[in-house]
Amino acid sequence: MDCSILYFNKHFDCFISLILLILPTSIFISILVKINTKLSIFFLVLIIVMFIPIIIFLFLGGCSDPSILERNNEYAYYDNRKSVLKLNIQGHMINLNYCYTCFHFRPPRTSHCAECDNCVQNFDHHCLWMGTCVGKRNYRYFYVVIFFTTICSLIQIFCSIGYIINHFKYREDKFKSNESKYFVISLSFVGFFNLMFLIFFLAKLFYL
């Protein structure tokens with residue numbers, strides 16, 4: 001695949017991920033600013049403080065090398081090696097599989113990524129959110145992103161539910177105002193979006 005296409009797809013995936021993260025959070029922050037209570041200000045500061053490392057580590061993970069092994073061009077046209085190489089390391093037999101695309105024996109825990117078309121050390125999976133593989137060198141960035149994103153999503157879900165319940169329980173007469181309707185509708189969207197995001201994306205990533 002053309003390197004320019006891979007470069008575009010990689011950064012396009014990061015850009016889409018950033019939009020999906022920023023959109024509901026921006027709506028949530030704007031509502032907290034308008035509510036303007038001590039509790040809302042506390043959650044506002046907490047969300048901002050936790051959202052900063054999400055953006056930083058998302059780009060660090062997406063732009064860093066996941067530990068890609070260089071191809072062995074020496075055997076590109078006359079490969080005659082065995083498919084498996086057996087090594088005895090400290091009394092343990094280890095099988096090294098040969099990669100017929102990169103033309104080298106893969107070290108332990110190394111796999112060939114079909115998306116990137118490269119062998120990656122300590123390969124975990126190809127992350128669409130980062131637009132690259134999760135491997136030896138960016139594994140910690142990946143887990144920082146999903147950890148803080150999970151916490152932020154939970155905060156937004158519970159805050160949204162809490163405000164909506166409190167609104168209908170104690171301020172039902174004020175629901176007639178346009179501003180109050182905007183708060184309830186917007187927080188319903190934020191809570192629902194984060195709940196779906198948490199269930200269908202974040203929860204799955206913890207098991208990869």
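These legends go with several close-up views of a predicted model.

A note before the views: residue numbers start from 1 along each chain as its sequence is written, and side-chain values use heavy atoms, with hydrogens and water left out. Since this is a predicted model, local features need pLDDT of at least 70 and side-chain atom pairs count only at pLDDT 80 or more, while totals for chains, interfaces and linings use all residues.

**View 1. The whole protein chain, with 4 helices and 8 strands.** Helices (H or I, at least four residues) and strands (E, at least two) are DSSP runs, numbered from the N terminus. Going along the sequence, you meet them in the pattern α-α-β-β-β-β-β-β-β-β-α-α. The protein chain has 208 residues, and 38% of them count as buried; buried means under 20% relative accessible area, exposed over 50%, and partly exposed in between, with a 1.4 Å probe and protein chains only. The accessible surface comes to about 12,800 Å², with 65% of that belonging to carbon and sulfur atoms. Areas are from the Shrake-Rupley method with a 1.4 Å probe, and for residues only the protein chains shown count as cover. As for contacts (heavy atoms within 4.5 Å), take the ones between residues at least 6 apart in sequence: 57% of these join residues at least 24 apart.

**View 2. The largest nonpolar core, with 32 residues.** A nonpolar core here is a set of buried Ala, Val, Leu, Ile, Met, Phe, Trp, Tyr and Cys residues joined through side-chain atoms within 4.5 Å. F28 and M130 are the residues with the most contacts inside this core. Two or more residues each come from α1, α2 (38-63), α3 (139-170) and α4 (178-205), and α3 gives the most, with 10. As a general rule, nonpolar side chains in soluble globular proteins tend to be buried together. Zoom in on F28 and, skipping residues up to four places away in sequence, you'll find it touching I47, I155, Q156, C159, S160, L187 and V190.

**View 3. T25, a buried residue of helix α1.** T25 sits in α1, which runs over residues 3-35, and T25 counts as buried because its relative accessible area is 5%. The side chains of T25 and Q156 are joined by a polar contact of 3.3 Å. That term covers a pair of N or O atoms within 3.5 Å; within protein, one must be able to donate a hydrogen and the other to accept it, and residues adjacent in sequence count only if both atoms are side-chain atoms. Setting aside neighbours within four places in sequence, T25 is in contact with I47, F51 and Q156.

**View 4. M50 of helix α2 and its partners.** At 10% relative accessibility, M50 is another buried residue. Beyond its neighbours within four places in sequence, M50 is in contact with F148, I151, C152 and I155. The C-alpha atoms of M50 and I151 are 8.3 Å apart, although 101 residues separate the two in sequence.

**View 5. S186 in helix α4.** With a relative accessible area of 9%, S186 is buried. Neighbours within four places aside, S186 is in contact with I27 and I31.

**View 6. A nonpolar patch on the surface.** F15, I16, I19, L20, L23 and F189 make up this patch, with about 500 Å² of accessible area together. Patches take residues with over 30% relative accessible area and no salt bridge, joining like charges within 9 Å and nonpolar side chains (Val, Leu, Ile, Met, Phe, Trp, Tyr) within 5 Å; a salt bridge is a side-chain nitrogen of Lys or Arg within 4 Å of a carboxyl oxygen of Asp or Glu. The largest share, 5 residues, comes from α1. Within that helix, I19 is partly exposed at 39%, and L23 is partly exposed at 46%. L23 and V190 are 167 residues apart along the chain, yet their C-alpha atoms are separated by 9.1 Å.

**View 7. Positive phi at R109 and N122.** Most residues other than glycine have a negative phi. R109 has phi near 65 degrees and lies in the loop between β4 (104-105) and β5 (111-113); at 61% relative accessibility, R109 is exposed. N122 has phi of about 50 degrees and belongs to the loop between β6 (118-120) and β7 (125-127). With 24% relative accessibility, N122 is partly exposed.
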